[in-house]
Amino acid sequence: MSIEATMKFFVRLRRAMLSDTVSAVAAVVLVLILLISIFGPFLPIGKPDQIGFGPRLGGWSWSAPMGTDQLGRSVLARVLQGIRVTFVLSTVSVAIAGLAGALVGISATYFHRLADEVASRTADIMFAFPPILLGFLVVAIFRPGVTSAMAVIALITFPTMLRVVRASTLSVMRRDFMLVAEISGVSFVDRIFRHLLPNVANVIVVQTIYSISLGMLIESSLSFLGLGVQPPAASLGSLLRDGATYLEIAPWLSVGPGIILALSIMSINLVGDATRSFVDPTYRF
Amino acid sequence: MIEIKQPIIEVRDLVVEYKSHPLPVRALDAVDFTASADETVGFVGESGSGKSTLAMALGGVSRSGVRPSRGSVQTFGRDVFALRGQDRRRFLSEDIGFVFQNPIGSLDPTRRIGHQFFTPDGQPLNEKRVEELLSSVGLEDTGRIMASFPHEVSGGMAQRVCIAMAISVNPPLLIADEPTAALDASVKTQILDLLTELRARARSTLILVSHDLHSVRKYCDRVCVMYGGRIVEAGPSRDVFDCPRHPYTAALLRSIPGFEGPGGRIEPIPGYPPSLNGQASNCTFAPRCALQIPVCRENRPPVSVEGDRTKCCWLPGNEIGMEISQAGRGYHA
């Protein structure tokens, strides 16, 4: 991308952000949450696994702004670690599922009717599994942990991505401009990369962003049930589970992770909405 | 079937069927058609009569990838459905230009207009040539148009862009599938004038698919009236519209404003278009035809040729007589 194109991109991004205040606020909140979580290890708030950093189930203090847990660990430090774990785990899983879903969705639809049938029926079968039951199944096979959580997120978000990309590919394939490109002498490969992909890219990007919020929810649910990230590592779900035990005497253990999780998911969804209008040229102004 | 000297398009016994449940839909039912160089041929008929399918088949293309189940299409001496790979690519990009109904839909919404012009090799066309092409179709401010996305220009401008794309290699055959259907009346005439002017300048062949009988009468040398996947009548457009020989042509003319004559009334065609499942064993227009005779419902009508006109009907032309010729009386070009 040339410097001029890059400048134009950022000008357009700034204009898009300013035109939609809610999405702009959501983006700022999301960026702040992520920045704080990234720089968390460098802040003087203790280490997430530092037992006895403060009093057990201690309340607010300057060194532990979110209080301390049942082992005297800084809740803020653990929440920041939880954000990193939940966000990275969910993003990586969704990226894998998104890439696979997009590849299978486009190629199955574009190349062969039989491949399309197989892909569609596979998605149907995957949809038939309730997410939590699928989680139990995967965990039973691979044991609880990060790998299992990632596999579950990928398996749950893959069929949705496949379906959405397939529908979009089918719709774009039948548009006249694809036929015009074929008649104009554009090669098969170029038709896919120059015309088909850019037209389904907005769907892929938006669906991926929504899937990240879904992935965070899945990861949190699994960890809440003890099937995801294992102690001593923390994720937002495992923090909520720990906090639930002491909800009546130390509500700050649940409130912090709960608010952060809700804010993150809401912000991601709002950013997803704004991204749709940003990546689709027909929504440009 | 009309026989013309030195035909560049020869369609023989063409049958095209779309997959459907429980029976395939026969969009083209044993169609014969020829066209020569340097003429404009119009295809008219109701929706679903097979006009677009036939027009697309002349270039060997189809939106749903369907191929003929019988017959052949020879365009410039080549069997278009037998062409493969590089041969097909070169044939499509060098010999044929297509203009579609929806100009905005014919342009890639994610690419700027200037980046949608290609050489026959599929490489982007240089900016100067794009500017020349846009100017040749009457567009001003070409720089702004080239930098615009398709949704940023009007329908008329977009259709001119599509025409510029279609003529970028001066193809000897231009196929326009309802090119003015999505445009308002003032732009419609401009676009049709432009297409015929470009055709005359290049001495190429123009196939014009349209619902607008007035435009077809004005701009086309010949017309093919289609019904139920067949060409039911063909001939010089003024002759066909002034003195139709097929009951469907007459009924079609009576159903459109401008052909009804002084004090006349517009009469819709009664009934519904036929379901096109399989080969028709009788005249598919018979259930809607006021002049039907018993044989119409029993046997498939033959194609009869008289001079430069053909029709596909059991009724002899002179027996139809005044009933049909009434249709053309009120029209004043």
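Here are some questions and answers to help you find your way around this predicted model.

Q: How many helices and strands are there in chain A?
A: Let's start with the order of the elements: from the N terminus on, chain A runs α-α-α-α-α-α-α-α-α-α. The count for chain A is 10 helices and zero strands.

Q: What does the C-alpha trace of chain A span along its principal axes?
A: Chain A has 285 residues, and buried residues make up 47% of them. Among its contacts with a separation of 6 or more, 68% are between residues 24 or more positions apart. Along the principal axes, the C-alpha trace spans about 75 × 45 × 25 Å.

Q: Is α2(A) roughly parallel or roughly perpendicular to α3(A)?
A: Two packed helices are described by the angle between their axes and the distance between the axes. Helix α2 (residues 21-39) of chain A and helix α3 (residues 75-111) of chain A have axes 8 Å apart, at an angle of about 110°. Angles of 65 to 115 degrees count as roughly perpendicular, so α2(A) and α3(A) are roughly perpendicular.

Q: Which residues of α3(A) make the contact with α2(A)?
A: α2(A) passes α3(A) in a left-handed crossing. By class, the contact has seven nonpolar, one polar and one charged residues. From α2(A) come A:Ile33, A:Leu34, A:Ile36, A:Ser37 and A:Ile38, and from α3(A) come A:Leu80, A:Ile83, A:Arg84 and A:Phe87.

Q: Is A:Val31 buried or partly exposed?
A: A:Val31 is found in helix α2 of chain A. Buried means under 20% relative accessible area, and exposed means over 50%. A:Val31 has 46% relative accessibility, so this residue counts as partly exposed.

Q: How many Å separate the C-alpha atoms of A:Val31 and A:Asp176?
A: Along the chain, A:Val31 and A:Asp176 are 145 residues apart. In space, their C-alpha atoms are separated by 40 Å.

Q: Which helix gives the most to the largest nonpolar core?
A: The largest nonpolar core has 93 residues, and those with the most contacts inside it are B:Phe33, B:Phe43, B:Leu54, B:Leu58 and B:Phe117. The helix that gives the most to this core contributes seven residues, and it is helix α5 (residues 155-166) of chain B.

Q: How many residues are in the second, separate core?
A: Among the residues of this second core are A:Ala26, A:Val75, A:Leu80 and A:Leu89. A:Leu80 is also one of the α3(A) residues in the contact with α2(A). The second, separate core has 39 residues.

Notes. Residues numbered from 1 in each chain as written. Chains lettered and ligands numbered in written order. Predicted model: local features only at pLDDT ≥ 70, side-chain atom pairs only at ≥ 80, totals over all residues. Heavy atoms only, no water. Axes fitted to C-alpha atoms, helices over the stretch in contact; angles between N-to-C directions. Helix = DSSP H or I, 4+ residues; strand = E, 2+ residues; numbered from the N terminus. Parallel < 35°, antiparallel > 145°, perpendicular 65-115°, else oblique. Left-handed = near helix turned anticlockwise from the far one by under 90°. Contact = heavy atoms within 4.5 Å. Nonpolar A, V, L, I, M, F, W, Y, C, P; charged D, E, K, R; others polar. Core = buried A, V, L, I, M, F, W, Y, C linked by side-chain atoms within 4.5 Å. Buried < 20%, exposed > 50% of the residue type's maximum accessible area, 1.4 Å probe, protein only.
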